Amino acid sequence: MKPFRIYTTCLTLLAASWACTQEQAPPAEVPTQAATESFAVVGSISPLFEMVKGYIVASAEEIPEDLLSYRPTPEVRTFGEILGHVAMTQYWFCNAAMGEGPEPENYEELTAKADLVAAVQTAFDHCAPAYAMNDIQAMETVELWGETNTRLWVLSFNLTHAWEHYGNLVTYMRANGLVPPSSQGGE
């Protein structure tokens with residue numbers, strides 16, 4: 001099974017499981033003001049977005065510039081290319097979830113640390129408003145890469161993707177004797 005199909009299947013099952021546990025209103029009922037202002041669904045995953053954002057931005061800030069070109073094998077992205085890829089995909093996912101937004105640059109081509117740190121921070125900042133949408137908006141359908149699903153599905157896919165690449169960054173950091181942000185402990 002292709003990775004995109006696996007993500008689609010897993011996230012669809014997650015959304016379906018959530019929907020099945022909710023009390024359903026009759027179809028003719030108009031949503032109340034309280035229902036249209038509810039943020040329970042997206043609000044429940046928003047902290048995960050903030051967490052991965054913090055870890056990825058911190059990773060970009062902490063990696064020495066000379067390690068941005070590090071790649072464990074020739075077939076995979078460099079540390080810098082992963083950061084650039086994550087920045088680009090924040091735009092792709094959140095533009096789809098919000099129904100609009102600027103096209104990203106090809107951030108995978110950036111090589112200067114300051115540029116990559118700025119790109120990652122700006123991309124996550126661009127995405128943050130999507131994680132503040134209400135539950136009614138979250139259940140509306142949108143298209144992403146030829147797939148139609150809910151805005152919540154797109155946001156969940158974005159989280160899965162960001163965490164996947166944070167895992168790459170953790171491995172790259174460990175391979176170079178660095179402690180990743182998620183293992184540094186609180187102050």
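Author: Let's start with a polar contact: a pair of N or O atoms within 3.5 Å, where, within protein, one can donate a hydrogen and the other can accept it, and where residues adjacent in sequence count only if both atoms are side-chain atoms. Here, the side chains of H161 and H85 are joined by one of 3.0 Å.

Reader: Before I trust that, what kind of model is this?

Author: It's a predicted model, so local features need pLDDT of at least 70 and side-chain atom pairs count only at pLDDT 80 or more, while totals for chains, interfaces and linings use all residues. Residues are numbered from 1 along each chain as its sequence is written, and side-chain values use heavy atoms, with hydrogens and water left out.

Reader: Which elements does the chain have, and in what pattern?

Author: Helices (H or I, at least four residues) and strands (E, at least two) are DSSP runs numbered from the N terminus. The chain has 7 helices and 2 strands, and along the sequence they read α-α-α-α-α-α-β-β-α.

Reader: Back to H161. Is it buried or exposed?

Author: We call a residue buried under 20% relative accessible area, exposed over 50%, and partly exposed in between (1.4 Å probe, protein chains only). H161 has a relative accessible area of 9%, so it counts as buried. You'll find H161 in helix α7, residues 151-175. Across the chain, buried residues make up 42% of the 187 residues.

Reader: And what does H161 touch?

Author: Contact means heavy atoms within 4.5 Å. Not counting residues up to four places away in sequence, H161 touches H85, T89 and F93.

Reader: Which other side chain has a polar contact with H85?

Author: E108, at 3.1 Å. E108 lies in the loop between α4 and α5, and its relative accessible area of 22% makes it partly exposed. Leaving aside neighbours within four places in sequence, E108 contacts R77, E81, G84, H85 and M88. Take the G84 pair: E108 and G84 are 24 residues apart in sequence, yet their C-alpha atoms are 4.1 Å apart.

Reader: How much of the chain's contact list comes from residues 24 or more positions apart?

Author: Among contacts with a separation of 6 or more, such pairs account for 71%. A132 gives you another spatial pairing: A132 and G43 are 89 residues apart in sequence and 6.8 Å apart from C-alpha to C-alpha. A132 is in the loop between α5 (113-127) and α6 (135-138), and at 49% relative accessibility A132 is partly exposed.

Reader: How do I check the length of a helix, say α4?

Author: The expected span is 1.5 Å times one less than the number of residues. For the 20 residues of α4 that gives 28 Å, and the end C-alpha atoms are 29 Å apart, which agrees. In α5, 15 residues reach 21 Å from the first C-alpha to the last, close to the 21 Å expected.

Reader: How many residues of α4 are buried?

Author: 17 of the 20, so α4 is largely enclosed by the rest of the structure. Just after α4, G99 takes a positive phi of about 80°.

Reader: Which elements do the buried residues of α5 pack against?

Author: They pack against α3, α4 and α7. The buried set in α5 includes L116, V120, A123, F124 and C127. F124 is in contact with F49, V52, K53, I56, V57, V86 and Q90, leaving aside neighbours within four places in sequence.

Reader: Which residues touch the most other members of the largest nonpolar core?

Author: A nonpolar core is a set of buried Ala, Val, Leu, Ile, Met, Phe, Trp, Tyr and Cys residues joined through side-chain atoms within 4.5 Å. The largest one has 48 residues, and I56, F79, L83, F124, Y131, V154 and L155 touch the most other members. Elements giving two or more residues to this core are α3 (40-62), α4 (79-98), α5, β1 and α7. Helix α7 supplies the largest share of this core, 12 residues.

Reader: How are β1 and β2 arranged?

Author: Two strands pair if DSSP finds at least two bridges between them. Here, 4 bridges join β1 (residues 141-144) to β2 (residues 147-150), and the two run antiparallel. V142 has N149 as its bridge partner, and L144 has E147. The strands form a hairpin with 2 residues between them, and W145 in the turn has a positive phi of about 50°.

Reader: Which side chains of β1 are buried?

Author: V142 and L144, which point to one face; T141 and E143 point to the other and are not buried.
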